[in-house]
Amino acid sequence: MAGGGRLYYKHNRLKQLRAFCHAAQEGSISRAAQRLELSQPSVSLQIQALERELGITLFERRGPRIRLTPDGETLYELAQPLVEGVDGLPERFAARHERLQTGRLDIAAGESTTLYILPDLLKQFMARYPGVHVKLHNLIGRDMIAALQHDEVDLAVGSTLDLPEDLSYRAIYTYDLRLILPLGHPLAEKPALTLEDLASGELILPPRHLTTWRLVNLVFQQNNIPYEVRLEVGGWEIIKRYVELGFGIGIASSICLSGEEKLHVRPLPDCFPQRTYGVMLRRGRYLSPQAKRFLEVMAPDIFSGEADLDGQRRQHGASESVFVPRANADPQD
């Protein structure tokens with residue numbers, strides 16, 4: 001029974017401390033009771049229970065007025081910040097929640113990321129945080145890197161081969177590269193494709209400064225196969241359209257292929273790695289609450305483990321790779 005009583009008092013410790021602190025501030029049990037909207041006997045019992053638990057006397061009583069004892073002054077000094085902290089929690093939470101629900105988020109992204117990755121992410125993010133103003137900056141290459149380095153954007157989504165030391169990259173999405181052919185093209189029915197088949201002068205590729213062209217160039221160089229590009233054109237949608245019209249054959253990321261195109265789509269030889277897309281940040285940059293919430297929409301566990309998102313190098317060195325070898329690829333390739 002006695003043990004149960006002590007447990008009861010401990011469970012009501014905050015109420016006891018609140019009653020004590022209000023009584024100390026008011027110098028009166030009755031005024032503390034009015035402030036707490038409790039009866040005077042209830043406040044008196046809470047203070048008496050606290051005195052019994054601690055084995056001390058908290059107040060000197062002089063008629064209707066009360067004054068703290070030395071022990072009471074010590075306890076008040078310790079307890080008042082705790083009571084104020086708990087009582088002020090709803091207001092502080094509301095203020096912080098309001099900051100999360102408003103503000104601004106600047107995202108840099110290239111055309112493919114803006115068209116194929118960001119729509120679903122932004123739909124989720126803007127539904128959760130409708131008060132956040134989002135601005136998309138359509139940038140690629142050096143312009144994207146410069147925007148990150150000069151803090152003109154909070155983050156960038158995409159991938160690039162030329163990542164300087166002051167930026168970090170975290171791969172989140174992985175896509176295969178595919179060969180796209182006009183309907184009825186001879187390569188559509190060939191049993192096994194070779195690099196020589198692709199090097200016949202029919203290639204339609206993105207411009208040379210973009211990642212995909214540089215990957216294709218690297219694969220042909222590593223295999224010592226000369227090749228020709230018939231047409232360079234920017235944008236996956238434009239490339240798909242020109243392949244449909246019979247201008248040539250293209251190499252495109254599966255990110256842009258819906259299955260509704262009037263094209264024949266085939267896997268590439270295994271020497272072509274997979275392409276990753278992810279988030280790029282300036283090392284050491286403070287991430288706003290809005291940026292953190294967006295990254296959690298992208299990858300809920302992005303801040304766990306060895307995430308390179310706090311300005312520090314990951315344990316094993318550099319950022320993740322833009323290209324990932326396929327599991328069944330020949331290591332010699």
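Buried means under 20% relative accessible area, exposed over 50%, and partly exposed in between, with a 1.4 Å probe and protein chains only. This is a predicted model, where local features need pLDDT of at least 70, side-chain atom pairs count only at pLDDT 80 or more, and totals for chains, interfaces and linings use all residues. Residues are numbered from 1 along each chain as its sequence is written, and side-chain values use heavy atoms, with hydrogens and water left out.

**Exercise 1. The whole chain**

Task: State what percentage of the residues of the chain count as buried, and how many helices and strands the chain has.

Solution:
- Start with burial. Of the 333 residues, 44% count as buried.
- Next, count elements. Helices (H or I, at least four residues) and strands (E, at least two) are DSSP runs, numbered from the N terminus. The chain has 13 helices and 13 strands.

**Exercise 2. Build the sheet**

Task: Give the strand order of the open sheet of 5 strands, then find which strands stand at the edges.

Solution:
- Use the pairing rule: two strands pair if DSSP finds at least two bridges between them.
- Write the order: β9-β8-β10-β7-β11, with mixed pairing.
- Look at the ends. β9 (229-232) and β11 (264-267) each have a single partner strand, so one side of each lacks a neighbour in the sheet.
- Add the twist, which averages 35° from one strand to the next. Axes here are lines fitted to C-alpha atoms, for helices over the stretch in contact; angles run from 0 to 180 degrees between N-to-C directions.
- Check the pair β8 and β9. These strands run parallel over 3 bridges, and L205 stands opposite E232 in β9.

**Exercise 3. Inside strand β10**

Task: Explain why β10 is largely enclosed by the rest of the structure, and name its partners in the sheet.

Solution:
- Count first. In β10 (residues 249-253), 5 of the 5 residues are buried, so the strand is largely enclosed by the rest of the structure.
- Recall a rule. In a regular strand, side chains alternate between the two faces of the sheet.
- Split the residues by face. I249, I251 and S253 are buried on one side, G250 and A252 on the other.
- Take one partner. β7 (residues 177-181) pairs with β10 in the antiparallel sense over 4 bridges. Here L179 stands opposite I251.
- Take the other. β8 (residues 203-205) pairs with β10 in the parallel sense over 2 bridges. Here L203 stands opposite I249.
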